[in-house]
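These notes record what I looked up in the structure, with attention to pockets, cavities and surface features.

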Amino acid sequence: MNNYMKSEWFRLKKKKLNYFITGVLSIMVIALASILEYFSETEPDFPYGNTLYFYSNVFSMSNFVLLIVCFLAVYLLGKDRLIIPVSISLGVERKTIFLNKFIISFIHFIIVIFILGVVTYFSGQLILTDKTDAVTMNFIISLFNLLPILISAFVLCYVTTFIFGNEIVAGVIVFVFYRGIALILFGAASISGSLAAIQKYIPATALNEILRDFINGTVQFNTIGCVVNIVLAILLLIIGLKVIEKKDFA
């Protein structure tokens, strides 16, 4: 780990808001499972006290999940973007700044997502009594299908924040790309067969399919979706690096 990366890691560890939000989200997940189990035991006809409904919330609240991803993507940047011109003036290459901040932010993103995934999994398994092995396995596979989408969204938000210097603009771009464009394509696909073929591979379609397949119990590993989103993430990083090398941070 080089000195610049060490300084970025130290700067990230000093930020306390991340720990607070991760803790709050974990408590909310545990509380939801507890509430569902309570009503399941006290209300004979309560239909939601099971892991199928509990786990489905992860995939049905995709907009909220994207919001969390955007927060994690820009958390290390934040006001620290003001330090970038100083680092450049001290001889640190733009490529080094861009890639090192990305690596630290990405590690942080993976850790938080892993924690929330583990908390959700064990909340369903240890708190809810109405559970089946099939639902549990479908949940795990669906998480693996979801992860590449979250990674591409993370990279898009990180790159656009770096380029435009504004977290709100970056967040809007992410939601337009993963939701707005999808709505347009969904409508146009009914008119044009070629657009229908494109629509099939965009991340928003995969988000909808993950929820649908989980509810229907027809979950399978989405190899094509995984490849599409990983390639998209790599392309975004390359584009971002090319733009940053010419960007004026003064």
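**Entry 1. Second largest pocket.** I looked up which element contributes most to the lining of the second largest pocket: helix 10 gives the largest share, six residues. The model I am reading is a predicted one. I noted a volume of about 340 Å³ for the second largest pocket. Its lining comprises 20 residues, and those nearest the centre are Ala206, Glu209, Asp213, Asn222 and Gly225. Helix 7, helix 10 (203–216) and helix 11 (223–244) are the elements that each give two or more residues to this lining. By class, I recorded nine nonpolar, seven polar and four charged residues in the lining of the second largest pocket.

**Entry 2. Salt bridge.** I then turned to Asp213, one of the residues nearest the centre of the second largest pocket. Asp213 forms a salt bridge with Arg212, and the closest N and O atoms are 3.2 Å apart. The count of salt bridges comes to one. Are the two partners buried or exposed? Arg212 has a relative accessible area of 44% and is therefore classed as partly exposed. Asp213 has a relative accessible area of 19%, so I entered Asp213 as buried, the cut-off for buried being under 20%.

**Entry 3. Largest pocket.** I next looked up the largest pocket, which has a volume of about 820 Å³. I found 27 residues in its lining, with Val58, Leu116, Gly117, Thr120 and Leu143 the closest to the centre. The elements giving two or more residues to this lining are helix 2 (17–42), helix 3 (51–60), helix 4 (62–75), helix 6 (94–126) and helix 7 (133–164). Helix 6 supplies the largest share, eight residues. What is the division by class of the lining of the largest pocket? I entered 24 nonpolar, three polar and no charged residues.

**Entry 4. Enclosed space.** I searched the whole structure for cavities of 30 Å³ or more and obtained one. The volume of the largest cavity is about 50 Å³. I listed its lining as Val58, Phe59, Ser62, Val65, Leu66, Leu146, Leu150, Leu207 and Ile210. Val58 had already appeared in my notes, among the residues closest to the centre of the largest pocket. At least two residues of the cavity lining come from each of helix 3, helix 4, helix 7 and helix 10. The largest share, three residues, belongs to helix 4. I recorded eight nonpolar residues, one polar residue and no charged residues in the lining of the largest cavity.

**Entry 5. Surface patch.** On the surface I looked up a nonpolar patch of about 640 Å². Val227, Ile230, Val231, Ile234, Leu235, Ile238, Ile239 and Val243 make up this patch. I placed one of them, Ile239, in helix 11. Helix 11 is also entered above as an element giving two or more residues to the lining of the second largest pocket.

**Entry 6. Overall frame.** Lastly I looked up the fold as a whole. The secondary structure comes to eleven helices and zero strands, and the order from the N terminus on is α-α-α-α-α-α-α-α-α-α-α. I noted a span of about 70 × 50 × 25 Å for the C-alpha trace along its principal axes. Of the 250 residues in the protein, 44% are buried.

How values were computed
Residues are numbered from 1 along each chain as its sequence is written. This is a predicted model: local features need pLDDT of at least 70, side-chain atom pairs count only at pLDDT 80 or more; totals for chains, interfaces and linings use all residues. Side-chain values use heavy atoms; hydrogens and water are left out. On a 1 Å grid over the protein atoms alone, a cavity is a set of points where a 1.4 Å probe fits but cannot get out, and a pocket is an open set with protein on both sides within 12 Å along at least five of seven lines; lining residues have an atom within 4 Å of a point. Grid points are joined across faces, edges and corners, and a volume is the space filled by probe spheres set on the points. Helices (H or I, at least four residues) and strands (E, at least two) are DSSP runs, numbered from the N terminus. Ala, Val, Leu, Ile, Met, Phe, Trp, Tyr, Cys and Pro count as nonpolar, Asp, Glu, Lys and Arg as charged, and the others, Gly among them, as polar. Patches are made of residues with over 30% relative accessible area and no salt bridge: like charges are joined within 9 Å, nonpolar side chains (Val, Leu, Ile, Met, Phe, Trp, Tyr) within 5 Å. Accessible areas come from the Shrake-Rupley method with a 1.4 Å probe; for residues, only the protein chains shown count as cover. A salt bridge is a side-chain nitrogen of Lys or Arg within 4 Å of a carboxyl oxygen of Asp or Glu. Buried means under 20% relative accessible area, exposed over 50%, partly exposed in between (1.4 Å probe, protein chains only).
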